[in-house]
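Trainee: I'd like to go through the labels on this one and ask what earns each of them. Can we start with the charged pairs?

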Amino acid sequence: MKKIEAIIKPFKLDEVREALSEVGITGLTVGEVKGFGRQKGHTELYRGAEYVVDFLPKVKVEIVVGDAVVEQAIEAIIKAARTGKIGDGKIFVSPVDQVVRIRTGETDESAI
């Protein structure tokens with residue numbers, strides 16, 4: 001099993017959710033995050049004063065999938081989240097040793 005974490009632009013969330021659903025992924029966790037990479041933030045004007053916004057709003061999507069579905073999930077995220085512009089985000093893949101469904105006690109693949 002693998003955990004896939006994708007940092008994407010907020011307006012791409014619905015497209016990513018739909019793309020993951022099309023490849024059979026039914027559950028995901030989403031959180032609002034802030035950060036920067038090569039995009040480096042931007043300047044804004046507020047009440048006549050210019051200030052720098054270092055951390056840009058992003059969305060973090062987390063899913064845990066079986067090894068057989070990892071590549072399909074990654075491809076679906078890339079296809080749905082890509083705009084071709086700087087700041088499209090990143091995908092991180094990590095191994096998952098164990099999963100337990102709290103309600104039923106199911107473990108590993110059956111708990112996903």
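Trainee: Why is the pair Glu5 and Lys60 called a salt bridge?

Mentor: The closest N and O atoms of Glu5 and Lys60 are 3.0 Å apart. The rule asks for a side-chain nitrogen of Lys or Arg within 4 Å of a carboxyl oxygen of Asp or Glu, so the label fits. Glu5 is in strand 1 and Lys60 in strand 5, 55 residues apart, which makes this a link between distant parts of the chain. Bear in mind that this is a predicted model, where local features need pLDDT of at least 70 and side-chain atom pairs pLDDT 80 or more, while totals for chains, interfaces and linings take in all residues. Residues are numbered from 1 along each chain as its sequence is written, and side-chain values use heavy atoms, with hydrogens and water left out.

Trainee: What makes Glu5 buried and Lys60 partly exposed?

Mentor: Glu5 has a relative accessible area of 15%, while Lys60 comes out at 24%. Buried means under 20%, exposed over 50% and partly exposed in between (1.4 Å probe, protein chains only), so the two residues of this pair land in separate classes.

Trainee: What makes the link between the side chains of Lys60 and Glu5 a polar contact as well?

Mentor: The side chains come to 3.0 Å. A polar contact is a pair of N or O atoms within 3.5 Å; within protein, one must be able to donate a hydrogen and the other to accept it, and residues adjacent in sequence count only if both atoms are side-chain atoms, so this pair gets that label too.

Trainee: Which residues does Lys60 touch, leaving out those up to four places away in sequence?

Mentor: Glu5, Ala6, Ile7, Thr29, Val30, Gly31 and Val33, where contact means heavy atoms within 4.5 Å. Ala6 is 54 residues from Lys60 in sequence, yet their C-alpha atoms are 5.6 Å apart.

Trainee: How many salt bridges does the structure hold?

Mentor: There are 5. Another of them joins Glu62 to Lys3, with 3.1 Å between the closest N and O atoms. Glu62 belongs to strand 5 (residues 56-65) and Lys3 to strand 1 (residues 2-8), 59 residues apart. Both are partly exposed: Glu62 at 22%, Lys3 at 28%. Then there's Glu15 with Lys12, N to O at 3.2 Å; Glu15 is partly exposed at 38%, but Lys12 is buried at 9%.

Trainee: How do you know that Lys58 has no salt bridge?

Mentor: Check its options. The nearest side chain of opposite charge is Asp88, 7.1 Å away. Lys and Arg count as positive and Asp and Glu as negative, with His and the chain ends not counted, so Asp88 is a proper candidate by charge. Its distance fails the salt-bridge cut-off, though, and Lys58 is left buried without such a bridge. What the side chain of Lys58 does reach is the backbone oxygen of Gly87, at 2.8 Å.

Trainee: What makes strand 1 and strand 5 a pair?

Mentor: 7 bridges join them, and they run antiparallel. Pairing takes at least two bridges found by DSSP, so they qualify. One of those bridges partners Lys2 with Val65 in strand 5. Strand 2 (residues 29-35) is also joined to strand 5 by 7 bridges, again antiparallel, and there Val33 has Lys58 as its partner.

Trainee: How many helices and strands does the chain have, then?

Mentor: 2 helices and 6 strands, in the order β-α-β-β-β-β-α-β from the N terminus. These are DSSP runs numbered from the N terminus: H or I over at least four residues for a helix, E over at least two for a strand.

Trainee: How does the radius of gyration of the chain sit against a compact globule of 112 residues?

Mentor: The chain has 17 Å, where such a globule would be near 13 Å. The radius is taken over C-alpha atoms, and the globule rule is 2.2 Å times the number of residues to the power 0.38. The C-alpha trace spans about 55 × 30 × 20 Å along its principal axes.

Trainee: Last one: what sets the phi of Asp108 apart?

Mentor: Asp108 has a positive phi of about 55 degrees without being a glycine. Most residues other than glycine have a negative phi, so that sign stands out. Asp108 sits in the segment after strand 6 (90-95), and at 32% it is partly exposed.
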